[in-house]
Amino acid sequence: MIYLDYNATTPCDKRVVEAMLPFFQEKFGNPSSLYYLGQEAKNAIEETRERIARFIGARKEEIIFTSGGTEANNLAIRGTIEALKKKGNHLITSSIEHHSVLKVFQSLEKEGFEVTYLPVNDAGQLDPDTLQKSIRPSTILISIMQANNETGVIEPIKELASLAQTKGIVFHTDAVQTMGKIPIKVKDLGVSLLSASAHKFYGPKGIGFLYLRKGTPLSPQIRGGEHERRKRAGTENVPAIVGMGKATEIAAGEMEAETKKVETLRNTLEEGLLSTIPEIEVVSQKAPRLFNTSLILVKDVEGESMLLNLDFEGIEVSSGSACTSGSLEPSHVLLACGYPHEIAHGSIRFSLGKFNTAEEINQVLEVFPKIVEKLRKISPFGKSEVH
Amino acid sequence: MYSEKVLDHFRNPRNVGKIENPDGVGKVGNPVCGDVMVMYLKIKEDVIEDARFETFGCGAAIATSSMATELIKGKTIEEARQISNNAVAEALDGLPPVKMHCSVLAEEGIKAAIEDYLQKKKEQ
């Protein structure tokens with residue numbers, strides 16, 4: 001099996017699993033318990049908090065553990081709005097956010113908030129000037145992702161956040177696709193809130209965190225205890241938190257070397273596909289992009305049919321086509337980039353990771369052009385009408 | 001998510017391609033929606049002798065197109081017109097609920113190709 005869907009999830013690093021194991025049966029205490037077993041677990045999660053804080057240049061008490069990226073995004077947005085709703089009712093986000101952000105804003109619109117969805121250019125990038133023009137006296141929150149999960153495009157968060165900072169507006173960034181992939185320093189970025197998820201960087205599923213800058217108001221969305229400095233109640237998922245800590249430690253040590261290796265593989269893949277398959281395009285190839293992501297548009301072929309054919313060959317990828325999402329609309333990200341529906345339906349995403357090899361990429365380059373050729377033969381498009 | 005039969009018809013679609021000088025052609029769907037099917041029929045004395053298709057679409061769209069051509073071959077146009085989208089889906093051992101619209105495309109493709117045949121016949 002050739003796994004090329006690392007933006008969806010990653011396998012746990014072996015060292016992560018090893019670090020987690022003692023916390024299921026031996027060190028199983030509840031961190032809220034005062035006796036030794038409880039304090040042992042408490043120390044373990046506090047060590048992770050310290051490690052993550054150091055990794056992103058934050059203070060330990062600014063890290064809130066959550067059940068993952070989706071909860072961190074929900075907490076950041078709803079928690080801020082609940083705390084600040086008396087100050088205004090205008091919110092700003094972008095049209096390319098992950099659904100765990102977009103759907104929250106859509107539900108807030110139904111509750112009476114006004115939301116501006118910023119457009120992107122055809123390379124999927126946000127323009128700070130557009131943000132500046134959208135800010136109103138009633139704006140209380142701006143939420144922009146650091147890198148897009150489909151295109152891999154990295155947004156100019158520092159520039160965008162500085163606009164918010166000068167006006168005293170809370171700025172949140174969804175860093176689910178960047179944590180563990182590129183260096184993050186919250187002070188440099190100038191953000192008040194930042195969400196991340198462990199399973200995107202070789203940690204376990206079901207755990208993530210929200211960075212909350214000291215002094216930023218936030219109302220808890222899950223109540224029931226004094227956990228996480230009263231920002232998120234619930235007994236901590238100790239093994240997963242320890243796993244996320246280990247994944248962060250590994251990223252801190254190995255990220256740079258990994259980036260070089262994976263970027264080389266990604267570029268080999270893109271160059272190979274572009275030179276063998278006519279009428280394909282790499283989305284946002286010229287924009288600042290994550291080193292592991294390659295979103296390809298294939299003319300006259302639908303995304304899911306490519307995905308299934310790759311799966312028959314043991315190659316696991318993802319598609320932004322309507323048919324994989326259960327709705328009839330293709331990727332909102334590609335539509336926001338200005339691609340017409342019929343082109344957006346033909347997208348296929350390769351997202352690579354540290355366990356991929358050059359042999360695997362060669363295998364894809366061997367197989368994928370044949371799949372496209374086969375599907376184009378079935379397609380009524382792109383052929384001469386003359387027999 | 002897909003049945004074995006859907007995967008089989010998707011992987012090895014039957015009757016792909018055009019028919020030279022077809023007696024009926026039906027083009028249904030819309031590239032904007034992500035699926036387009038063109039069905040070509042060869043008809044002799046109101047019996048479908050050959051059916052072929054070209055489809056742009058997902059796995060279910062291709063599989064239902066393939067199954068539809070299999071179902072109508074050898075049938076009279078009256079029999080073929082009676083084939084519902086549910087019948088196409090059932091012949092494939094079912095489709096996931098979000099994919100049922102693909103079977104509608106197959107039913108419409110059959111009907112459109114037969115209409116085209118009848119229209120041409122009238123004009124002769």
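How many bridges join β1(B) to β2(B), and do these strands run parallel or antiparallel? In this predicted model, seven bridges join the two, and the strands run antiparallel. One of the pairings sets B:Gly29 opposite B:Val36, its bridge partner in β2(B). The two strands make up a hairpin, with four residues lying between them. Within that turn sits B:Gly34, whose phi is positive, at about 95°.

The hairpin belongs to a wider sheet in chain B. Here three strands line up as β1-β2-β3, giving an open sheet with antiparallel pairing. The edges are taken by β1 (24–30) and β3 (47–56) of chain B; each has a single partner strand, so one side of each is left without a neighbour in the sheet. On average, and ignoring direction, neighbouring strands of this sheet are turned by 15° against each other. Strand β2 (residues 35–44) of chain B is tied to β3(B) by nine bridges, again with the strands running antiparallel. B:Val36 turns up here too, since its bridge partner in β3(B) is B:Phe56. Then there is helix α2 (residues 59–72) of chain B, which lies across β2 and β3 of chain B and runs at about 175° to β3(B).

Chain A has an open sheet of its own, this one with seven strands. Reading across, the order is β2-β8-β7-β6-β5-β3-β4 (chain A), and the pairing is mixed. At the edges stand β2 (63–66) and β4 (114–118) of chain A, each pairing on one side only. Neighbouring strands in this sheet are turned by 20° against each other on average, direction ignored. Helix α3 (residues 36–56) of chain A packs on the sheet, where it touches β2 and β8 (208–212) of chain A. The direction of this helix makes about 120° with that of β2(A). For a look at the parallel part of the pairing, take strand β5 (residues 139–143) of chain A and strand β6 (residues 170–174) of chain A: three bridges join them, and they run parallel. In one of these pairings, A:Leu141 has A:Val170 in β6(A) as its bridge partner.

So much for the sheets; next comes the meeting of the two chains. The contact involves 27 residues of chain B and 23 residues of chain A. About 2200 Å² is buried between chain B and chain A, with carbon and sulfur atoms giving 69% of that area. On the chain B side, the residues that lose the most area to chain A are B:Phe10, B:Arg11 and B:Phe56, which together make up 27% of what that side buries. B:Phe56 is also the residue paired with B:Val36 in the sheet of chain B.

Charged and polar links run between the chains as well. The count between chain B and chain A is one salt bridge. The side chains of B:Lys99 and A:Glu304 meet in a salt bridge, at 2.6 Å from N to O. Polar contact between chain B and chain A comes to nine residue pairs, both residues being at pLDDT 80 or more. Several elements of chain B feed its side of the interface: α1 (4–11), β2, β3 and α2 each supply at least two residues that touch chain A. Of the elements of chain B, β3(B) gives the most, with four residues. Sorted by class, the side of chain B that touches chain A has 17 nonpolar, five polar and five charged residues.

Methods. Residues numbered from 1 in each chain as written. Chains lettered and ligands numbered in written order. Predicted model: local features only at pLDDT ≥ 70, side-chain atom pairs only at ≥ 80, totals over all residues. Heavy atoms only, no water. Pairing = 2+ DSSP bridges. Axes fitted to C-alpha atoms, helices over the stretch in contact; angles between N-to-C directions. Contact = heavy atoms within 4.5 Å. Buried area = accessible area lost by both parts, 1.4 Å probe. Salt bridge = Lys/Arg side-chain N within 4 Å of Asp/Glu carboxyl O. Polar contact = N/O pair within 3.5 Å; in protein donor to acceptor, adjacent residues only side chain to side chain. Nonpolar A, V, L, I, M, F, W, Y, C, P; charged D, E, K, R; others polar.
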